[in-house]
Amino acid sequence: MPSIRLLPHLMLAALLFALPTVAEAHVLVGEGGGFLHGFEHPLSGLDHMLAMCCVGLWGAQMGGRSVWSLPIAFPLIMVAGGMMGIAGIPLPAVESGIALSIIVLGAAIACLWRPPEWLALVVIGVFAIFHGYAHGAELPNAADPADYAFGFVVATGLIHLAGIAVGLGFQRLHGGQLARALGGLIGLGGVYFLVA
């Protein structure tokens, strides 16, 4: 098992590996599907990456059990949203919900909001439904839904781990001010996604 000090480096490497796909913004090439397309989907949109990174960053900032409970709950709830999207159940304002997730989570980090764990879980749970729905609704016709869902859950988990690593690292720098500044910048990015 790698040393805990290697974790931030491993997460950064995983994140950098995914960066070339960011510019493709929700485009799945070909008629295939399954695990690889599901894995690629959260990495193909900056909006998803920012929100999912915020979940890990916010959990790290809150500390205690929230370091793991938020990043574990998000993909589990996201699967329910994905199943709604696959089934074609209507969910209004999905893109606005995703943009609001970036704004709210970024603001929570910037303002150092530390609600009770249950309330933080409710907040990320609502947003997980929107993110999961977007993944499920964009499922390629030829894809195996189970493999596709497993792929986007694994990718989401890796993004959360990267957020945790950044959050834990930034908490030690300048009394957490860097983490708060990053949250503010991410929140502003959410405003862009909301109005764009």
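Let me start with one residue: leaving aside its neighbours within four places in sequence, T156 is in contact (heavy atoms within 4.5 Å) with P42, M52, F74, P75 and M78. T156 is found in helix α7, residues 145-171. Helices here are DSSP runs of H or I with at least four residues, strands are runs of E with at least two, and both are numbered from the N terminus. T156 counts as buried, because its relative accessibility is 0%. For that label, buried is under 20% relative accessible area, exposed is over 50%, and partly exposed is in between, with a 1.4 Å probe and protein chains only.

Before going on, the ground rules. This is a predicted model, in which local features need pLDDT of at least 70, side-chain atom pairs count only at pLDDT 80 or more, and totals for chains, interfaces and linings use all residues. Residues are numbered from 1 along each chain as its sequence is written, and side-chain values use heavy atoms, with hydrogens and water left out.

Now the overall picture. The secondary structure comes to eight helices and zero strands, so the pattern along the sequence reads α-α-α-α-α-α-α-α. Of the 196 residues in the protein, 46% are buried. Among contacts with a separation of 6 or more, 79% are between residues 24 or more positions apart. The protein exposes about 9400 Å², and carbon and sulfur atoms supply 74% of that. These areas come from the Shrake-Rupley method with a 1.4 Å probe, and for residues only the protein chains shown count as cover.

Next, helix α3. How many of the 17 residues of α3 are buried? The count is 16, so α3 is largely enclosed by the rest of the structure. Its end C-alpha atoms are 24 Å apart, which agrees with the 24 Å that 17 residues should span at 1.5 Å a residue. That expected span is 1.5 Å times one less than the number of residues.

Q61 lies in this helix, which covers residues 46-62. Q61 is buried, with a relative accessible area of 3%. A polar atom of its side chain lies 3.0 Å from the backbone oxygen of I109. Not counting neighbours within four places in sequence, Q61 is in contact with A108, I109, L112, R114, Q171 and R180. Just after α3, G63 takes a positive phi of about 80°.

The loop after α3 brings us to charge. Side chains of opposite charge can pair when their charged atoms come close. The structure holds one salt bridge, defined as a side-chain nitrogen of Lys or Arg within 4 Å of a carboxyl oxygen of Asp or Glu. E117 forms a salt bridge with R65, and the closest N and O atoms are 2.7 Å apart. E117 lies in helix α6 (residues 117-137) and R65 in the loop between α3 and α4 (66-87), so the pair ties together parts that are 52 residues apart in sequence. Are the two partners buried or exposed? E117 is buried, with a relative accessible area of 19%, whereas R65 counts as exposed at 64% relative accessibility.

Helix α6 also holds F130. F130 counts as buried at 17% relative accessibility. Leaving aside neighbours within four places in sequence, F130 is in contact with L91, P92, A93, V94, G97 and I98. The C-alpha atoms of F130 and M84 are separated by 9.8 Å, with their positions 46 residues apart along the chain.

On to α4, where A73 lies. A73 is buried, with a relative accessible area of 16%. Not counting residues up to four places away in sequence, A73 touches L121 and I124. A73 and V122 are 49 residues apart in sequence and 9.7 Å apart in space, C-alpha to C-alpha.

Last, the surface. L100, V104, L185, L188, V191, L194 and V195 form a nonpolar patch with about 620 Å² of accessible area together. Patches are made of residues with over 30% relative accessible area and no salt bridge; like charges are joined within 9 Å, and nonpolar side chains (Val, Leu, Ile, Met, Phe, Trp, Tyr) within 5 Å. Which helices each supply at least two residues of the nonpolar patch? They are α5 (94-110) and α8 (177-195). The largest share, five residues, comes from α8. L194 lies in helix α8 and counts as partly exposed, at 37% relative accessibility.

Methods. Polar contact = N/O pair within 3.5 Å; in protein donor to acceptor, adjacent residues only side chain to side chain.
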